[in-house]
Amino acid sequence: MSQLVTTDHFNSLDEDIKYYCSKIYSNDISNEEEFLSVLSRINVTNLIPLRDVNRGFISEIVGHDLVIKKFNDKGKYDSDIIALNSLQNLNCIPRIYCYREKSFLVMEKAKGISLIDIVEYKIEVDHNQIISSYKNAYLQVLNRGWQDFDLKLEHIYWDITSERIMFIDFGQYGKLEKSNLYIENALNVGISKVMCDFNLS
Ligand SMILES: Nc1ncnc2c1ncn2[C@@H]1O[C@H](COP(=O)(O)OP(=O)(O)O)[C@@H](O)[C@H]1O
Ligand SMILES: [Mg+2]
């Protein structure tokens, strides 16, 4: 079993959360009962299977704005951990607090609502403002040399209060050559996708 790796943000967590994060999916927990007891003490929500249950599941640490993403066999080679680490300290990227390679990660819960919910529930928003913020946010990601190969409205959050875009799900992120042409093309693909799904194109 790989070591628990903690990031610079880990220290800002409450002591009990730090303790339980280090316990989750560790060798110290030998049976399912013990595992569930740790989870119940940090008050996680029901475990939500990922779209592909063979990839893993997500749960939320209630009251702490944290999300645990656990990887099963199919998901353990996804890019989540490496991409999230490499994209830290951008406004549009959730913080990563700790992880075990090929096992799980603890990340910041995105604030606001996903763009898919905005469409589905016909929430009144300024679509042009969202697209312009999306453009700025995705450009930062591209400039760090990463591209999202799983562009979907459900992976983009909009916080109305702070007028901020945040991305989630880095499983299908891939490296992008840092050339203006590649960046411009990838940005246009992203913008077209959002505009099309917003029915604006
Ligand atoms: N950081 C996060 N903040 C808020 N919700 C999240 C976060 N990460 C995942 N989720 C929720 O869990 C769902 C599944 O997570 P995701 O990483 O997209 O995995 P997958 O696409 O494999 O199912 C997302 O669509 C979203 O609703
Ligand atoms: Mg997803």
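## A helix over two strands

Which helix lies across β9 and β10, and at about what angle does it run to β10? Helix α5, made of residues 127-143, is the one to look for, and its direction makes an angle of about 50° with that of β10. Before you follow it on screen, please keep in mind that this is a predicted model.

## The sheet beneath α5

Let's turn to the strands. The sheet is an open one of three strands, ordered β7-β9-β10, and its pairing is antiparallel. β7 and β10 are its edge strands, since each of them pairs on one side only. As general background, strands of a sheet pair through backbone hydrogen bonds, either parallel or antiparallel.

Strand β7 covers residues 113-114 and is joined to β9, residues 156-159, by two bridges. If you want a residue pair to check in your viewer, take Ile113, whose bridge partner in β9 is Trp158. On the other side of the pairing scheme, β9 meets β10, residues 164-167, over four bridges, again in the antiparallel sense. Here Tyr157 is a handy marker: its bridge partner in β10 is Met166.

## The hairpin turn

β9 and β10 also form a hairpin, with four residues between the two strands. One residue in this turn is worth a look if you like backbone torsions: Glu163 has a positive phi of about 50°.

## Two domains and their contact

Stepping back to the whole chain, the protein is divided into domain 1, residues 5-108, and domain 2, residues 113-197. Their C-alpha centres are 23 Å apart. The contact between them draws 13 residues from domain 1 and 15 residues from domain 2. What classes of residue does domain 1 present on the side that touches domain 2? That side has seven nonpolar residues, along with four polar and two charged ones.

## Asn27, a loop residue

Now for a residue in a loop. Asn27 sits between α1 (15-23) and α2 (32-41). Is Asn27 buried or exposed? Asn27 counts as exposed because 6 other C-beta atoms lie within 10 Å, and a residue is called exposed when that number is 12 or fewer.

For a sense of distance, compare the position of Asn27 with that of Asn188. The two are 161 residues apart along the chain, and 46 Å separates their C-alpha atoms.

Technical notes. Residues are numbered from 1 along each chain as its sequence is written. Chains are lettered from A and ligands numbered from 1 in the order in which they are written. This is a predicted model: local features need pLDDT of at least 70, side-chain atom pairs count only at pLDDT 80 or more; totals for chains, interfaces and linings use all residues. Two strands pair if DSSP finds at least two bridges between them. A residue is buried if 20 or more other C-beta atoms lie within 10 Å of its own, exposed if 12 or fewer, and partly exposed in between; C-beta atoms are placed from the backbone. Two residues are in contact if their C-beta atoms, placed from the backbone, lie within 7 Å. Axes are lines fitted to C-alpha atoms, for helices over the stretch in contact, and angles run from 0 to 180 degrees between N-to-C directions. Domain bounds come from an automatic or database domain assignment. Ala, Val, Leu, Ile, Met, Phe, Trp, Tyr, Cys and Pro count as nonpolar, Asp, Glu, Lys and Arg as charged, and the others, Gly among them, as polar.
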